[in-house]
Amino acid sequence: MTQATGGTADCAVRVRGLRKRYGGKAAVDGIDLQVRRGEVFALLGPNGAGKTTTVEILEGYRSRDGGEVSVLGTDPARGGRAWRSRIGIVSQSESAPSELTVREMITHFSTYYPKARDPEEIIAAVGLQDQAASRLRRLSGGQRRRVDVALGLVGSPELLFLDEPTTGFDPQARRAFWDLVAGLAGDGMTIVLTTHYLDEAEALADRVAVLAAGRIAAIGTPGDLGGRATAAATVSWQAPDGPHAVLTQTPTCYVTELAASFGGEIPGLAVTRPSLEDRYLELITQNGALT
Amino acid sequence: MTTLVRLTPARAEAVTLPSVLRIGALRGMLEIKLFFRQRESVVFTFALPVILLVLFGQIFHGKIGHTGVDFRQYFIAGIIASGLMSTTFVNLGVGIAADRTDGTLRRLAGTPMSATAYFVGKAILALVVSALEVAILLAVGVALLGLQLPATPGRWITFGWVFALGAVTCSLLGIAVSCVAHSARSAPAVLNLPYLVLSFISGVYFVFSSLPKGLQQIAALFPLKWLCQGLRSVFLPDRLLAVEPAHSWELGRVALVLGVWLVASLVVCVRMFRWQRLGEQ
């Protein structure tokens, strides 16, 4: 458990050549990635792409078949209690219905950690003040999910894993959750997020890795994923004879020329780059994840 | 989630982990709270042996052989032993299988809580529930069935170690069996079947020496027979030795058989318990 120095000291997660097989099939087939401290990093990909397997290896729940993994400077396969006290985990599966109340559950979990936060503060942060005295069994699925998030946060982790955290949330709850995550990130927490939702990755992540068939198909900022920022743009406008659209590498020049030909405003002008969803679907199709 | 409070940044000083025993004690309190909130299990655990005790007290009368010992007092010792096995072996085995199936174990594995603290909590639960069970059964026995509490300190000491050894052995055995039962759904069957069979052949409901020799020999391989015998030595007069198979309470052998089961169960627990986390057994 040596503290990394120099160029890697600002790395919360470092993965090189990670491999995991189930039976004869490779679930994770050589993944390299780095997550910097303070970064919100999203793993995006279809079901079966290897997101959860990768995250569970990072969390110390699963063994790996090959590759090097370092999480907060420690190999998760050998992470002890001190290491666990520095990470928070919100797993994909929702917590079990229990006869404990929200407050009892969160207060109890706070006793496991050396630097626990005030349970009341956590309850307020996930918006469960009104349910604090309710038993978990009586909560809705979305409310129980917020308890999961609270339990992941109560130890004030340096690194938080969120595995598909907003599945089953209504749009309002999802927005509120995004605000919470943005606040945590603003306070310097490193967050590794897996999600199906492109808008979620776009709203929260500093960088996104797209996983397809156990490999990283692309990695970058949401705005630049797979060369999105420099990809050909579509310029569309309304001409007297109907709508026009042109695909061009130089949209600025094209629009300037178009403006000159119109002698001013171009009716219905729009310049669009491929959306994150376009690039995502392209990437996973290219990589054979959709069959 | 309308009122979002921003979390204040965590403090960054050096840390010491909370002690395992303290967390174990807190887990014990939590387990007890959970147990008493599950009303069905409370009723089943405490009411069933009391009902059996009262029912058998109505059905069976008379003395055992020429010993002059009331049969109702004979089976009080047995029902206390079998109650102890139910609060430890059955309850712990079913409870741990449920924790595994509903994700509780997995969630705990993701925290810095140690496995030891988890088992300390379960042990506290088993001990508290068992002590309560025994107290209730003794009270009912004394009040309704003419049971006489032991008069000599020696017998109380025997009671103490037989209870403790029996509770620990049956608890570990329950945990060991829960490693074999894969789901919460199969656990009650996997645990209750041996429990019920042993109850019938170990001298709980029938005078042990009246059972067929073959069944006696099978029962003698398992802990419940010895637990019953140890408790009979506490609550019944030595006149009864005339109908004990060995004409002796065989307390040394009680300790030996329970001890062997304790060690064997512990080995199975340590080797088989799947904690679902790496870097730790």
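In this predicted model, helices H6 and H7 of chain B sit oblique to each other, because their axes meet at about 135°. H6(B) covers residues 153-180 and H7(B) covers residues 187-201, and the two axes are 10 Å apart. Their crossing is right-handed. On the H6(B) side, the residues that take part are B:Gly174, B:Val177, B:Ser178 and B:Val180, and across from them in H7(B) are B:Ala187, B:Val190 and B:Leu191. Sorted by class, that makes 5 nonpolar residues, 2 polar ones and no charged ones.

H6(B) has another partner in helix H5 of chain B, which spans residues 115-144. Here the axes come within 11 Å and cross at roughly 130°, so H5(B) and H6(B) are again oblique to each other. This crossing, too, is right-handed. H5(B) brings B:Ala123, B:Ala126, B:Leu127, B:Ser130 and B:Val134 to the contact, while H6(B) answers with B:Phe163, B:Ala167 and B:Ser171. No charged residues turn up in this contact either; it has 6 nonpolar and 2 polar residues.

Stepping back to the whole of chain B, its secondary structure amounts to 10 helices and 2 strands. Reading from the N terminus, two helices come before the two strands, and the rest of the run is helical. The C-alpha atoms of the chain fit a box of roughly 80 × 35 × 35 Å along the principal axes. Of the 281 residues in chain B, 42% are buried. Many contacts reach a long way along the sequence: taking those between residues at least 6 apart, 83% link residues at least 24 apart.

What about the nonpolar interior? In soluble globular proteins, nonpolar side chains tend to be buried together. In this model the largest nonpolar core contains 138 residues, and the ones with the most contacts inside it are A:Leu44, A:Ala150, A:Val210 and B:Ala81. Helix H3 of chain B, residues 71-101, provides the largest share of this core, with 15 residues. As for B:Ala81, its contacts beyond four places in sequence are with B:Val204, B:Leu224, B:Leu227, B:Cys228 and B:Leu231.

Turning to where the chains meet, 43 residues of chain A are in contact with 33 residues of chain B. On the chain A side, helices H2 (81-84), H3, H4 and H6 (171-186) each supply at least two residues. H6(A) gives the most, with 7 residues. The chain A residues on this side are a mix of 19 nonpolar, 14 polar and 10 charged.

One residue of chain A is worth picking out by its place in the chain. A:Ala116 lies in a loop, with helix H3 (102-110) before it and helix H4 (119-125) after it. Is A:Ala116 buried or exposed? It counts as buried, because it has 20 C-beta neighbours inside 10 Å, and 20 is the number at which a residue starts to count as buried. Leaving out residues up to four places away in sequence, A:Ala116 touches A:Ser110, A:Val154, A:Gly155 and A:Ser156. A:His196, by contrast, is 80 residues away from A:Ala116 in sequence and 31 Å away in space, C-alpha to C-alpha.

Note on methods
Residues numbered from 1 in each chain as written. Chains lettered and ligands numbered in written order. Predicted model: local features only at pLDDT ≥ 70, side-chain atom pairs only at ≥ 80, totals over all residues. Helix = DSSP H or I, 4+ residues; strand = E, 2+ residues; numbered from the N terminus. Buried ≥ 20, exposed ≤ 12 C-beta atoms within 10 Å, placed from the backbone. Contact = placed C-beta atoms within 7 Å. Core = buried A, V, L, I, M, F, W, Y, C linked by C-beta atoms within 7 Å. Nonpolar A, V, L, I, M, F, W, Y, C, P; charged D, E, K, R; others polar. Axes fitted to C-alpha atoms, helices over the stretch in contact; angles between N-to-C directions. Parallel < 35°, antiparallel > 145°, perpendicular 65-115°, else oblique. Left-handed = near helix turned anticlockwise from the far one by under 90°.
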